[in-house]
Each structure stands twice: as C-alpha cells, then as structure tokens.
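Open the model in your viewer and keep the sequence panel beside it. The stops below say what to select and what to look for there.

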Number of protein chains: 2
Amino acid sequence: MTNNLPIGVFDSGVGGLTVAKEIMLRLPKESLLYFGDTARVPYGNKSEETVIAYSRQIAQFLCSHKVKAIVIACNTASAFALDTLAAELPVPVIGVVKPGAKAAAAKTEKGRIGVIATSGTIRSGLYERYLNSINPDIKVFGKACPLFVPLVEEGLTEDSVTKQMAERYLTPLLEEGIDALVLGCTHYPLLTDVIGEVCGNGVTLVNPAYETAKELSELLSKKGLLKTDDTPAVHRFFVSDGEEQFRRFADTILPCELEEADVSRKVFS
Amino acid sequence: MTNNLPIGVFDSGVGGLTVAKEIMLRLPKESLLYFGDTARVPYGNKSEETVIAYSRQIAQFLCSHKVKAIVIACNTASAFALDTLAAELPVPVIGVVKPGAKAAAAKTEKGRIGVIATSGTIRSGLYERYLNSINPDIKVFGKACPLFVPLVEEGLTEDSVTKQMAERYLTPLLEEGIDALVLGCTHYPLLTDVIGEVCGNGVTLVNPAYETAKELSELLSKKGLLKTDDTPAVHRFFVSDGEEQFRRFADTILPCELEEADVSRKVFS
C-alpha cells in the first residue's frame, strides 16, 4: 500500500540531514529513504544543467526503490530541478525553497527579506521569484556565503573565524534593513547561533528545513498518504561516497543513531 | 610523430592550472591538453576507490585524444591513483607528490619537514612514505587545511581571515621545528605570501608544481619525447562543468589568455 512506503529525501551530501531531522521530528512514524551525493558534493557551484542531470539520476534511483513522495532537501537542486522532477516523476515532489520563501513572506513586517545561500541558489534568483510571486512589493537581498559550508564541515560552527565571516557576509544585508533572513542552504541552520548573534533581535531567522517538514506533513495528509500501519519507522541511507564519514556526521544531527548496515553506497557510473 | 603530441594534464578542477602554468613557463614549445573535473571537484574528501575511478576515466579520455605523457596535477589523485595509472596506461605518467617530496628532502637541513594538503592527501600518508624512502631519518609532520581551497576560490588570498586560518593550521608544524614546508595542494601556491609570512624566514616553502615541471622536462628529454617541430604551442582545455567560470579563473593564473573556443565541456555519464 502506497501509504506505508518511505519518503524519499535527497541532497548533494550531508546537509540535507537537517531536513531529514525535521521530518523525523514532525512525522515520527514515517520511514525515510535518504540519498546523499557525497561523491559529487557540492552542488552550489555547479551549472543548472549538471544539477538537473544529477537530481534526475537520484530521483529515479529513489523511485526505483518505491517511495511515496520525494523531498529535494538541497536548496541548489530545489532551485534548479524542482519543476523538471515534478513534471517527470510519478510521485509528489517538494523542494525546500518554496516553504522557506512562504514562511519568510509571512514573517517580514518591513517587506525586506535577506536570503543567504550558495552561489548557485543565489544566481538562480528562485527565492526572489517565489517571494515576489507571494507579494510583489517584497524587497529581496541575496548573498552567497561560500565559506559557510566548509566552516561547518570543519566543525567551526562556534568559532571566531566563522563569526568574522558571518559579519562580512551579513553586514550588507543588515544595512539594507532586512527583518527576516532565510537560511537558504541546508548547512546554515547549524550556524544559527553565530548568525543570530550577528543579526540581533530585529531579524527573524527562517529555517526552510523546518518549514519543509511542515509542508510535507500537510501534503501527505491532504493526499491521504500518511502512514497507516503501526510498525516503527525504518530509515535507510545511500551515499555515493564515504559511508563511514557520513554516518559519523549523521549521528551528530539526527534524533536517532545509525548502524553500519543503515548506510550503503550507490555509485552512478 | 609522438614527440609533437600534447602533454596531458589533469586535476580535480582549477587548481592544476598552477601546474600547467609551471609547465608552460619551463617548456614553452609544448602543447597541453588539460582536463579539470570541475563537476566532481573536490577530490580531497573522497575515498581512494572513487578518486582512482575518476582518475582512470579522465586518463583514458586524455589518451583517446593522443597525448605523449600524462601529468597528474592533483595531489590527492597523485597520492591515490599514480601507481594504478602508471601500470595501466601506454604513456609515461608522473604525479606532483614525488617531485615535491624530492625537493623537500633536498632542502631540509634539520630533517624536519611539514606537509600541508587536503585531508585525502594527508590521510594517504604518501608524502611521508616518499620522504622516508629517500631518507628514513626525516621526520614528517602533516596537516590537513580544508579551508584553504575555498578561501582561495573566494579570492581571499591576502585576507586577514586567511592569515588567521594559516596561523592555526601552521603553528603546530612550526612548533615541531620544521625547516621545509611542502605546499601539498595545487591551490596552496596561491597562498605563498600569507603562508610565507606566518612561517618566517626559517622555513623553505616547496612548490610541487614547480618541481613537477622540472621533472617532466627531464623525463621528456631522457625519453627523447621533447617536441621537435617549430609550430607554436596549442593548448586545449576540457572541464566537466562551468567552462566560463574556468576560463575566468585560468586567465588569472596562466601566462596566456584563453579564448572561448579553447575550453570545452566533457561530461562522463
């Protein structure tokens, strides 16, 4: 029965685990089938064409394992590949960009929203388009922050160097008078403390991972796709490289602990 | 005639251009066929198995275009794939690790050498093995510097944040009393000023790109493979993604300017 199939989630690597985490917290009965493209990470500096090609390969792989819905947990892939995948696949597909944009539009009072993300996501202009389709008067200020991902992956989430880079990246946005800031890359919620400190109380931080889990829950409920049996959730993970490294990182993020057998390698030839 | 074929050079992305540059300066008549795997960059955090598989694909592609020798311009790929490719390919293959190690061994007086590189290269222990095969008494101190590549690619080569990271990465090596330091990643020569400032006069910096061009020149000469005709060098570049971005970066590094037609895309399916 379709309801009891897992939800497919994919990302360019480990960052999408912040989305998986929010889904696990909100829908604890649901099983996840996660794919992290760790061999080809990062997507943020790749072209639209390449990101679509990689996303299509992964989505087809997830569908071949039977999933009831697909969540694109990577902002860059959501920006570039959501429409293509939604048109091609036999299951509902949601990305992280739209839920993040919706929440930011609801939260801003001044109509001035900052978006921080990878260069790919910023270049795509997709957050801006979504935000302006909700309210054409909203002013959007985008800023690529290419050092945030390596800083997180180096474990420097609370480091003075990270704070300095956050100040450089965020000051131009703060000077524009934003009152909401979209954390438009899956790694960035792990920098919430530093980013919050630099932004101060006047700026609401929007975590698209949280908003996506909320939207997924509404979508499954509306389509009658929520899990109906009472078996416990079973999560499986596939990565294109470095299973052990992935498992260690996952254990620092997810609300559950992974066994060795939970993570397998899948390489696209 | 074999002598007049180009030299194949490959790297995980743009970093190998520092090696291409040294070859162009030392062997200005020789033509290069360069491959940068910009879609799958970086290699530094990928497994040995994956790096060998990617390197094999690229080397076979270069051979299919007829080259007289192959230079592995990526330290991680040299560390993991040199022996495999040298055994499999019909042309001579050299990597950047061995020439770098040889030069460092010649330059140290105290027998204490530092090696900075990606995590993959450090993990492989290859610099240490080479250095100790030259002189088993040499003490090698390795340090992975994962933020250096993104800092270079952000254009922050002379920035205070880069200096702070250099201090953190290098202080433990300096405390070990090294008097030579191998810049064991192709991007690092672009940080020579900052690294030199942190290390001071007591430490000789070794640039494997420079040493590799020297060794290549000797190898071609010994094998009678130096170019014999007087036509000007013709360089061609293939990348797996982002031709335009590659061309812009190349123009900041190479001693020649690239036309649009010089850079093509080659995607491995």
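Select Lys66(B), which sits in the loop between α2 and β3 (69–72) of chain B. Helices (H or I, at least four residues) and strands (E, at least two) are DSSP runs, numbered from the N terminus. This is a predicted model, in which local features need pLDDT of at least 70 and side-chain atom pairs count only at pLDDT 80 or more, while totals for chains, interfaces and linings use all residues. Residues are numbered from 1 along each chain as its sequence is written, and chains are lettered from A and ligands numbered from 1 in the order in which they are written.

Stay on Lys66(B) and check its backbone: phi is near 65 degrees, a positive value in a residue other than glycine. Is Lys66(B) buried or exposed? Lys66(B) counts as exposed because it has 12 C-beta neighbours inside 10 Å. The cut-offs are 20 or more other C-beta atoms within 10 Å for buried, 12 or fewer for exposed, and partly exposed in between, with C-beta atoms placed from the backbone.

Now select Lys66(A), in the loop between α2 and β3 (69–72) of chain A. Its phi is positive, about 65 degrees, although Lys66(A) is not a glycine. Lys66(A) has 12 C-beta neighbours inside 10 Å and so counts as exposed.

Next, go to Pro42(A), in the loop between β2 (32–36) and α2 (48–64) of chain A. The peptide bond joining Val41(A) and Pro42(A) is cis, with omega about 0 degrees. In chain B, select Pro42(B), in the loop between β2 (32–36) and α2 (48–64). The bond from Val41(B) to Pro42(B) is cis, and omega is near -5 degrees.

Return to chain A and show α2(A) with helix α3 (residues 75–88); they pack at about 65 degrees with axes 9 Å apart. Axes are lines fitted to C-alpha atoms, for helices over the stretch in contact, and angles run from 0 to 180 degrees between N-to-C directions. The crossing of α2(A) past α3(A) is right-handed, meaning that the near helix is turned clockwise from the far one by less than a right angle (anticlockwise would be left-handed). On the α2(A) side, select residues including Val51(A), Ile52(A) and Ser55(A); their partners in α3(A) include Phe80(A), Ala81(A) and Leu85(A). Contact requires C-beta atoms, placed from the backbone, within 7 Å. By class, this contact of α2(A) with α3(A) has seven nonpolar, three polar and two charged residues. Ala, Val, Leu, Ile, Met, Phe, Trp, Tyr, Cys and Pro count as nonpolar, Asp, Glu, Lys and Arg as charged, and the others, Gly among them, as polar.

For the next stop, show the strands of chain B. Which order do the strands of the open sheet follow? The six strands run β4-β3-β1-β2-β9-β10, with parallel pairing; a pair needs at least two DSSP bridges. At the edges are β4 (93–95) and β10 (263–265) of chain B, each paired on one side only. From one strand to the next, the twist averages 20 degrees. Inside the sheet, β1 (residues 7–11) and β3(B) run parallel and are joined by four bridges. Ile7(B) stands opposite Ala69(B) in β3(B). Add α10(B), which packs on the sheet, touches β3 and β4 of chain B, and makes about 160 degrees with the direction of β4(B).

Note on methods
Two residues are in contact if their C-beta atoms, placed from the backbone, lie within 7 Å.
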